[in-house]
Amino acid sequence: MPGDRLATPYRTHTCGALRSSDAGSTARLSGWVHRRRDHGQLIFLDLRDRHGITQVVVDKSDDPDAHAVASRVRSEFVVTVDGEVARRLTGTENRRLPTGEIELRGRAVRILSESKTPPFYINDPDAQIDEALRLRYRYLDIRREAMSERLFLRSRLVQAIRKVHHAHGFVEVETPNLIKSTPEGARDFIVPSRLQPGSVYALPQSPQQLKQLLMVAGVDRYFQIARCFRDEDLRGDRQPEFTQLDLEMSFVDEDAVMAFVEAMVIEVCRSTTPDRPIAETPFPRFTYAEAMERFGTDKPDLRFGIELVDLAPLWSEAPSGFRVFDDALHDGGRVKAIVAPGMGGISRREIDELTERAKRLGAKGLVWLAVEETGAVRSSVSKFLGEDGAERLVAHAGANPGDLVLVVADETAVTSEVLGGLRAELGGRLGLADPEVLSFCWIHRFPMYKWDVENERWDATHNPFSGVLPEDEELLTTTAGDLAKPAPDDPAGRARALQYDITLNGWELGGGSIRIHRRDLLARSFALQGQTEAGMNEKFGALLEAFEYGPPPHGGIAIGIDRWAALLADQRNIREVMAFPKTQSGGDLMLDAPSAPDPAQFAELGLRFVGAPRRDPATPPAE
RNA sequence: GGACCCGUGGUGUAGCGGCCCAACAUGCCAGCCUGUCACGCUGGAGAUCGCCGGUUCGAAUCCGGUCGGGUCCGCCA
């Protein structure tokens, strides 16, 4: 591009550009002083910018003035150095630097800006720094190579996403951030309107309705890198504002969306992190029911085996003799097991830890059977099952000598969730998952609804506009025959949605669905969820009205960019791939947000706090 | 809303009732040093142990509260 000049009055090259082939030429570099090594008559400066590090050497006998300036320079000063690119003396090359064969012999050093001593080390890649400190001085944190590399990776990710979508006929459309509150489950952030006092905008939890309106508008294929806002409690993988790859396609069925997304995801991963192998293509697909049955979760990490084994067949003829098992089966629950390879030598303390973990996941207890190297079974329940019973159980579970079998007996859902949680825990603890591999899978055919015990009604498990499997359409009804009288055993509870989630290494990466575009089905689905006609119009008026003007069949997906980037960067925390994330209490430690409002702003909006006033603004950030 | 963990010179840690007006490493400052690249050597400065209160003859250390950070549960179509 003609206007893109790297060479400016400040530099002829970046700090990562010079090589031995440049030896003999002159160059001007600008950057931060990464490190200074003062040898008296001779001073070395490692000059750093985001492209790399180049060693500058300033020799007093070459230029006393330059040497005097170099003596004054400190870490993180910004300097410009003019000099001659010289091949380093034989034996003093630095193989760890791409620029390590040369150095810049400094003839003129100018200080562009000085720096206080930074609050933590910029130049130590292994430094363990308190995260609160990193967040308060994020601009320094991002100077660190590990952090900036993650941001560059994220930039490449987003660039690859855009490239693939544009190549496949998608139109990138921006949707507004000041919209109407749309009840999608999470709490809204609201923004008071000055022009219409007493009214508020809501920040979008996702562009869901807007992208469906774009389908009605005939855009056909839409995508957006969209900022989304949800006012819920934070987690390592959840921030109040986050970024989604949001896309929607017209005239598609489930397979068409999944096929495109899968191809797109593979291409984007290969281009962003070419060295990371993708486990299995096409991505394995599981129905929700199968995933819960085999892995105890709807986001299984498939980088390792360990599946849930149903133990019920062992006792089809006669009861097990252990009350906990027999009662669970008698009450319609399940008794299932997982095998932890090589954990047969587990200690009492570790068993207690696992039991504690199981209880936190909802189990009443945890049964364990350790298989000794000799094949003998050591267990807490041998006395109930008998030696023979215990050995049959262990054999049925597929355990080998040296393994540990963990058994949970409870209601179906609890059994799955507990063993699913333990499976994930063991995978991490035993290091079963290859950290390099990217292992995707699809989960689809989720239940349309889950029973809302509190409100005695059916609740959409995902998007309220998600479609239903054609063969399950007739299930969208109640036993009473009246949609206004839902009950927990209604046929609707068995209806499966045209809903699909994509999972990467045990994280839910994204989810989407084929939408309901038929008014009659939509009305039935909403009625089951306890929505009146008037209520529907209040909440979804624009979309419902649009659906009266020829909506095309359509569907799409939303994929979490923060999570995707975190997984590609091998991070367990999305804050590590966000430039300026918030703390668990929703604060920005650098900007000191949120903060007390300006009274004048409040007056203009006709607002005042009626609860306890916020404390005075916190102590100012950096001195 | 709940459970748990953490808070000690700039940074990371040690100390966990008196031996501590607090130790170590690194950083910082000064001096010396012409081939280093985590340069080296010598010397120096730097902390009322997050904050408030209590127990005790005595608290960095024990207790309560509070603030800040984190992990998890609830919550998050």
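Visitor: What volume does the largest cavity have?

Guide: In this predicted model, the largest cavity has a volume of about 50 Å³. A search of the whole structure finds 3 cavities of 30 Å³ or more.

Visitor: What makes a space like this a cavity and not a pocket?

Guide: A 1.4 Å probe fits at the points of a cavity but cannot get out, whereas a pocket is an open set. The space of about 50 Å³ is listed as a cavity, so by that definition the probe cannot leave it.

Visitor: Which residues line the largest cavity, and how do they divide?

Guide: The lining includes Met448, Tyr449, His462, Asn463, Gln499 and Gln529. It divides into 5 nonpolar, 7 polar and no charged residues. Met and Tyr count as nonpolar, while His, Asn and Gln fall among the polar ones, because they are in neither the nonpolar nor the charged list.

Visitor: Why is Asp141 called buried?

Guide: Buried means under 20% relative accessible area. Asp141 has 0% relative accessibility, so it counts as buried. Asp141 lies in helix α3 (residues 138–141). Its C-alpha is 8.9 Å from that of Tyr121, and the two are 20 residues apart in sequence.

Visitor: How do you know that Thr583 makes a polar contact with RNA strand B?

Guide: The cut-off is a pair of N or O atoms within 3.5 Å. A polar side-chain atom of Thr583 lies 3.1 Å from a phosphate oxygen of RNA strand B, so the pair qualifies. Backbone N or O atoms also come within that cut-off of a phosphate oxygen of the strand: 3.3 Å for His39 and 3.2 Å for Gln41. Elements that give two or more residues to the surface near RNA strand B include β1 (26–38), β2 (42–49) and α2 (131–136).

Visitor: Which residues come nearest to RNA strand B, and how is the surface near it divided?

Guide: Of the 53 residues around the strand, Arg35, Asp38, Thr92, Arg96 and His462 come nearest. Sugar and phosphate account for 49% of the atoms of RNA strand B that come within 4 Å of the protein. The surface near the strand divides into 11 nonpolar, 21 polar and 21 charged residues.

Visitor: What makes β20 and β21 a pair?

Guide: Two strands pair if there are at least two bridges between them. Strand β20 (residues 499–504) and strand β21 (residues 507–514) have 6, in the antiparallel sense, so they pair. Tyr500 stands opposite Gly512 in β21.

Visitor: Why are β6 and β11 at the edges of their sheet?

Guide: The open sheet of 8 strands has the order β6-β9-β10-β22-β21-β20-β17-β11, with mixed pairing. β6 (171–172) and β11 (285–287) each have a single partner strand, so one side of each has no neighbour in the sheet.

Note on methods:
Residues are numbered from 1 along each chain as its sequence is written. Chains are lettered from A and ligands numbered from 1 in the order in which they are written. This is a predicted model: local features need pLDDT of at least 70, side-chain atom pairs count only at pLDDT 80 or more; totals for chains, interfaces and linings use all residues. Side-chain values use heavy atoms; hydrogens and water are left out. On a 1 Å grid over the protein atoms alone, a cavity is a set of points where a 1.4 Å probe fits but cannot get out, and a pocket is an open set with protein on both sides within 12 Å along at least five of seven lines; lining residues have an atom within 4 Å of a point. Grid points are joined across faces, edges and corners, and a volume is the space filled by probe spheres set on the points. A residue is near a molecule or strand if one of its heavy atoms lies within 4 Å of it. A polar contact is a pair of N or O atoms within 3.5 Å; within protein, one must be able to donate a hydrogen and the other to accept it, and residues adjacent in sequence count only if both atoms are side-chain atoms. Helices (H or I, at least four residues) and strands (E, at least two) are DSSP runs, numbered from the N terminus. Buried means under 20% relative accessible area, exposed over 50%, partly exposed in between (1.4 Å probe, protein chains only).
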